[in-house]
Amino acid sequence: MNYSAIKYNDIANGTGVRTVLFVSGCRNRCKGCFQPETWDFGHGDLFDRAVEDEIIASLRSDYIRGLTLLGGDPFEPENQKALLPFIKRVAEACPGKDIWAYTGYILNRDLISGGKCHTADTDELLSFIDVLVDGPFIEEQHDITLKFKGSANQRLIDCKHFVRTGEVIESAYA
């Protein structure tokens, strides 16, 4: 997997101060996407153990609330395979940090068993995510007043609740 960028001390992509990983690769190709260069799976640099170590080191700071996965799309099947072992490392090395993820896919359609992006890694990856922002960016529904999302169709989902119950409910941060 490649990644496009890492932002440290980010306050726009989840609650509190965060480390944000922008993965490369997205098949959704939303009109008006703010990072179309990340559609290309080959864009950016190789995501390797040294990059993982750097991100984990950044998360150890007391003022960092957590990690956010953006893209591209973290839930492209090839990205899930690379992200799962990394997220396991984050959870073990940085207990108490929350994890947010953004995807252009719909949780209860595309990421469930039988969905177009469900893989052998999906369920376990979802189990580590606290808040999932799902749904494609729809330029005609773009609204700069929305908190933590770009268009009105997107949902901030309590992913832990979904994993436990299969029910989609809005996160307390919505």
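**Exercise 1. In this predicted model, determine which exposed residues lie on the face of H1 turned away from its buried side, and characterise that buried side.**

*Solution.* Step 1. The face of H1 turned away from the buried side carries Arg-49 and Ala-50, both exposed.

Step 2. H1 spans residues 49-59, and its buried residues are Val-51, Glu-52, Ile-55, Ile-56, Ser-58 and Leu-59. These residues lie on the same side of H1, because the arc they cover around the axis is only 160 degrees.

Step 3. The packing partners of the buried residues of H1 are the strands E1 (2-10), E2 (17-23), E3 (45-46) and E4 (64-70), together with helix H2 (77-93).

Step 4. At the N-terminal end of H1, Asp-48 acts as a cap: one of its side-chain oxygens lies 3.2 Å from the backbone nitrogen of Ala-50.

**Exercise 2. State the strand order of the open sheet and identify which strands are at its edges.**

*Solution.* Step 1. The sheet is open, has seven strands and mixed pairing, and follows the order E3-E1-E2-E4-E5-E6-E7.

Step 2. E3 and E7 (155-158) are the edge strands, since each of them pairs on one side only.

Step 3. Within the sheet, E1 and E2 run antiparallel and are joined by five bridges. Ala-5 stands opposite Phe-22 of E2.

**Exercise 3. Find the strands that H1 touches and those that H2 lies across, and give the angle for each helix.**

*Solution.* Step 1. H1 packs on the sheet through E1, E2, E3 and E4, and its direction makes about 15 degrees with that of E1.

Step 2. H2 lies across E2, E4 and E5 (98-102), and runs at about 170 degrees to E4.

**Exercise 4. Decide whether the loop residues Glu-76 and Thr-119 are buried or exposed, and list their contacts beyond four places in sequence.**

*Solution.* Step 1. Glu-76 belongs to the loop between E4 and H2. Its relative accessibility is 0%, so Glu-76 counts as buried.

Step 2. Apart from neighbours within four places in sequence, Glu-76 is in contact with Gly-25, Cys-26, Arg-27, Asn-28, Phe-41 and Tyr-105.

Step 3. Thr-119 is located in the loop between helix H3 (107-110) and helix H4 (122-127). The cut-off for a buried residue is under 20% relative accessible area; Thr-119, at 19% relative accessibility, therefore counts as buried.

Step 4. With residues up to four places away in sequence not counted, Thr-119 touches Pro-77 and Gln-80.

Notes: Residues are numbered from 1 along each chain as its sequence is written. This is a predicted model: local features need pLDDT of at least 70, side-chain atom pairs count only at pLDDT 80 or more; totals for chains, interfaces and linings use all residues. Side-chain values use heavy atoms; hydrogens and water are left out. Helices (H or I, at least four residues) and strands (E, at least two) are DSSP runs, numbered from the N terminus. Buried means under 20% relative accessible area, exposed over 50%, partly exposed in between (1.4 Å probe, protein chains only). Contact means heavy atoms within 4.5 Å. The arc is that of the directions from the helix axis to the C-beta atoms. A polar contact is a pair of N or O atoms within 3.5 Å; within protein, one must be able to donate a hydrogen and the other to accept it, and residues adjacent in sequence count only if both atoms are side-chain atoms. Two strands pair if DSSP finds at least two bridges between them. Axes are lines fitted to C-alpha atoms, for helices over the stretch in contact, and angles run from 0 to 180 degrees between N-to-C directions.
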